[in-house]
Amino acid sequence: MPNSYLVRGAALLGGEPTDLFLTEGAIAAVGAEAGTATDGSTQVVDARGLIALPGLVDLHTHLREPGREDAETVASGTRAAAAGGFTCVHAMANTDPVADTAGVVEQVLHLGDAAGWAQVRPVGAVTVGLAGTQLAELGAMADSAAAVRVFSDDGKCVSDPVLMRRALEYVKAFDGVIAQHAQEPRLTEDAVMHEGRVSSRLGLTGWPAVAEEAIIARDVLLAEHVGSRVHICHLSTAGSVDIVRWAKARGIAVSAEVTPHHLLLTDDLLTDYDPAYKVNPPLRTAEDVAAVRAGLADGTIDIVATDHAPHTVEDKDCEFAAAAFGMTGLETAVSVVVEAMITSGEHDFGWSDIARVLSSAPARIGGVTGQGQDLVAGAPANLTLIDPGARTVVDPLTQATASPNSPYAGRTLPAAVVATFFRGRPTVLDGQPQDDRRTS
């Protein structure tokens with residue numbers, strides 16, 4: 001492959017078109033100087049009409065390996081990430097074995113390095129085996145080659161307040177963060193969807209919004225008490241937005257994420273008992289969707305994270321009660337956020353905001369160096385090029401992920417990732433993953 005690339009005419013963050021010269025894993029020149037820095041081996045990438053963003057960073061990805069390679073592997077999941085414009089993903093800990101030791105997180109790290117599609121940052125479990133009874137080896141994972149800084153039992157809530165307090169205290173020593181799956185277990189026993197009008201009509205056990213909000217309220221107060229950082233995973237209700245807004249106004253070190261699907265989809269979609277829309281936390285009401293959009297626009301919610309959750313056909317194509325929770329999201333994330341936050345026209349939200357919530361802010365929260373940086377000379381060459389005028393019909397069977405459980409099948413979405421550069425090398429060009437890529 002070429003050693004250098006000239007990205008010609010890209011609109012940085014949607015601004016004026018400019019050129020970028022990429023070589024040796026870095027952005028060597030921007031603007032007029034970029035064109036003069038090329039040589040005969042430089043490949044020119046025509047980016048006229050495209051928008052250039054820093055490579056996207058996902059703080060919440062399920063790669064399933066080790067243990068559930070039938071649903072996804074680190075290689076297939078990061079290939080999907082590249083197709084979605086991501087150059088860094090955080091791999092959640094609910095694998096088999098659980099990523100609760102230095103050995104397992106280092107295994108995931110090395111699998112990501114070998115695949116070469118994107119940087120993989122392992123997330124460590126908060127408790128041993130995600131059982132919620134004993135703290136995992138937080139310090140050992142932090143000191144390992146994986147240098148873990150984000151810890152989460154995602155899929156399960158750290159419901160014991162004493163254990164949550166101890167975890168928050170522990171990670172202060174290395175500026176770590178506890179990412180909480182906010183779900184009060186006693187209030188959500190056997191729940192399969194949002195508790196409300198639709199669940200009552202369908203006769204399905206509902207998950208009340210207060211089950212999420214109660215844990216968030218408790219944990220922001222615990223974080224304030226011990227002076228530590230807490231991150232709220234996949235926030236989904238209007239009440240949760242209000243609590244996080246209150247906590248930030250109080251000066252508490254809390255950050256929060258919303259998923260693309262909670263920005264766009266509502267519980268009305270479950271009227272046909274379609275397991276494609278079964279997710280944890282559940283799809284909420286139109287009022288909740290409006291509230292999380294407003295919270296993202298005003299900065300109460302810091303980032304968008306995909307919660308990419310691949311499942312085999314057998315785990316999703318079955319009766320609703322037995323179906324697994326979760327949906328894929330890496331390859332549609334940008335398009336869904338554009339649909340919800342830009343195309344809708346509800347808020348003053350532009351491409352610089354897309355870069356903030358999908359790149360710079362998640363890199364900051366996760367403590368990732370070399371990602372989410374401005375596209376300036378000297379910065380690492382991690383970037384994505386997006387066609388803002390594209391309209392694409394989602395076909396899960398043609399996506400790079402190993403599992404087809406997308407909630408957007410047959411839906412037309414705006415914008416499309418045309419190219420992704422990871423450490424100066426294209427992982428995607430002309431919308432196609434580059435299987436012969438090499439990264440430095």
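Here a visitor and a guide talk over a predicted model of one chain.

Visitor: What makes the chain as compact as a globular protein of that length?

Guide: Start with the make-up: the secondary structure comes to 13 helices and 19 strands. The radius of gyration is 21 Å, and the globule rule gives 22 Å for 440 residues; those values are close, so the chain counts as compact as a globular protein of that length. If you'd like the box, the C-alpha atoms fill roughly 65 × 45 × 45 Å along the principal axes.

Visitor: How much of the chain is buried?

Guide: Buried residues make up 60% of the 440. As for what's left open to the probe, the chain exposes about 15,900 Å², with carbon and sulfur atoms supplying 49% of that.

Visitor: Why is Cys233 called buried?

Guide: Its relative accessible area is 3%, and buried means under 20%, so Cys233 falls on the buried side.

Visitor: And why does Cys318 count as partly exposed?

Guide: Cys318 has 27% relative accessibility. Partly exposed lies between the 20% limit for buried and the 50% limit for exposed, so that's where Cys318 goes.

Visitor: How do you know that Cys233 is in no disulfide?

Guide: A disulfide needs two cysteine sulfur atoms within 2.5 Å. For Cys233 the nearest cysteine sulfur belongs to Cys157, 10 Å away, so Cys233 is in no disulfide. Over the chain, the count by this rule comes to zero.

Visitor: What share of the contacts with a separation of 6 or more joins residues 24 or more positions apart?

Guide: That share is 74%.

Terms used. Residues are numbered from 1 along each chain as its sequence is written. This is a predicted model: local features need pLDDT of at least 70, side-chain atom pairs count only at pLDDT 80 or more; totals for chains, interfaces and linings use all residues. Side-chain values use heavy atoms; hydrogens and water are left out. Helices (H or I, at least four residues) and strands (E, at least two) are DSSP runs, numbered from the N terminus. The radius of gyration is taken over C-alpha atoms; the globule rule is 2.2 Å times the number of residues to the power 0.38. Buried means under 20% relative accessible area, exposed over 50%, partly exposed in between (1.4 Å probe, protein chains only). Contact means heavy atoms within 4.5 Å. Accessible areas come from the Shrake-Rupley method with a 1.4 Å probe; for residues, only the protein chains shown count as cover.
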